[in-house]
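This report describes the fold, the sheet, one pocket and selected residues of a protein chain. The sequence and the structure are shown first.

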Amino acid sequence: MSDHFFVVTGGPGAGKTSLITELARRGLHTIPESGRAVIREEMASGGDALPWADRMAYAERMLEQDLRACSAAQPLSGPVIFDRGIPDIMGYLSLCSLHVPPHIVKAACIVMPPSDRKDPA
């Protein structure tokens, strides 16, 4: 989707958000984690698209937010750093022993085509 998008991923408490907060402070474009935003919104509205209520609805809401964020970030110049991303939704669903729907796999492949993937060194 874009050669200037970078996704920081990893387990809870690994320092992803702290790193991204510092990168933002230094002037880089950053995109916050969608999961936290979904939880805040669902709690405020009384919704159940939450990781402890309806996990699939939670994943779908994260996908919606991540797709909007990717679209909004397209015109930004320079690197854009994402706090997690669409591939993390696939990991979340797998971790929860839930089926990963084809549209989520497709969205992850559009954002990060196999030819663009790089293993961390």
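The text below proceeds from the overall fold to individual residues.

**Overall fold**

The model is predicted. The protein contains five helices and three strands, arranged along the sequence in the pattern β-α-β-α-α-β-α-α. Of the 121 residues in the protein, 36% are buried. Among the contacts with a separation of 6 or more, 62% are between residues 24 or more positions apart.

**The sheet and the helix packed on it**

The three strands form an open sheet in the order 1-3-2, with parallel pairing. Strand 1 (5–8) and strand 2 are the edge strands, each pairing on one side only. On average, and with direction ignored, neighbouring strands of this sheet are turned by 25° against each other. Strand 1 and strand 3 (residues 80–83) run parallel and are joined by four bridges. In this pairing, V7 stands opposite F82 in strand 3. Helix 3 (residues 55–73) packs on the sheet and touches strand 1, strand 2 and strand 3. The direction of helix 3 makes about 170° with that of strand 3. In general terms, strands of a sheet pair through backbone hydrogen bonds, either parallel or antiparallel.

**The second largest pocket**

The second largest pocket holds about 360 Å³ of space. It is lined by 21 residues, of which E33, M62, R84, D88 and Y92 are the closest to its centre. Helix 2, helix 3 and helix 4 (86–95) are the elements that give two or more residues to this lining. Helix 4 gives the most, with five residues.

**Residue E33**

E33, one of the residues closest to the centre of the second largest pocket, lies in the loop between strand 2 (29–31) and helix 2 (34–45). Is E33 buried or exposed? Its relative accessibility is 16%, so E33 counts as buried, because the cut-off for buried is under 20%. The side chain of E33 is joined to that of R36 by a polar contact of 3.2 Å. When neighbours within four places in sequence are left aside, E33 is in contact with D83 and R84. R84 is also among the residues closest to the centre of the second largest pocket.

**Accessibility of residues in the helices**

The table lists three residues with their helix and relative accessibility.

| Residue | Location | Relative accessibility | Class |
|---|---|---|---|
| E64 | helix 3 | 41% | partly exposed |
| Q65 | helix 3 | 14% | buried |
| C109 | helix 5 (residues 102–111) | 32% | partly exposed |

Which residues does Q65 touch, not counting residues up to four places away in sequence? They are S34, A37, V38 and E41. Q65 itself is found in helix 3, and its relative accessible area of 14% is the reason why it is classed as buried. E64, also found in helix 3, counts as partly exposed because its relative accessibility is 41%.

**Distances to I86**

Two C-alpha distances relate I86 to residues of the table. E64 and I86 are 22 residues apart along the chain, and their C-alpha atoms are separated by 9.6 Å. C109 and I86 are 23 residues apart in sequence, with a C-alpha to C-alpha distance of 9.0 Å.

Notes:
Residues numbered from 1 in each chain as written. Predicted model: local features only at pLDDT ≥ 70, side-chain atom pairs only at ≥ 80, totals over all residues. Heavy atoms only, no water. Buried < 20%, exposed > 50% of the residue type's maximum accessible area, 1.4 Å probe, protein only. Polar contact = N/O pair within 3.5 Å; in protein donor to acceptor, adjacent residues only side chain to side chain. Contact = heavy atoms within 4.5 Å. Pairing = 2+ DSSP bridges. Axes fitted to C-alpha atoms, helices over the stretch in contact; angles between N-to-C directions. 1 Å grid on protein atoms, 1.4 Å probe; cavity = no way out; pocket = protein on both sides within 12 Å on 5 of 7 lines; lining within 4 Å. Points joined across faces, edges and corners; volume = space filled by probe spheres on them.
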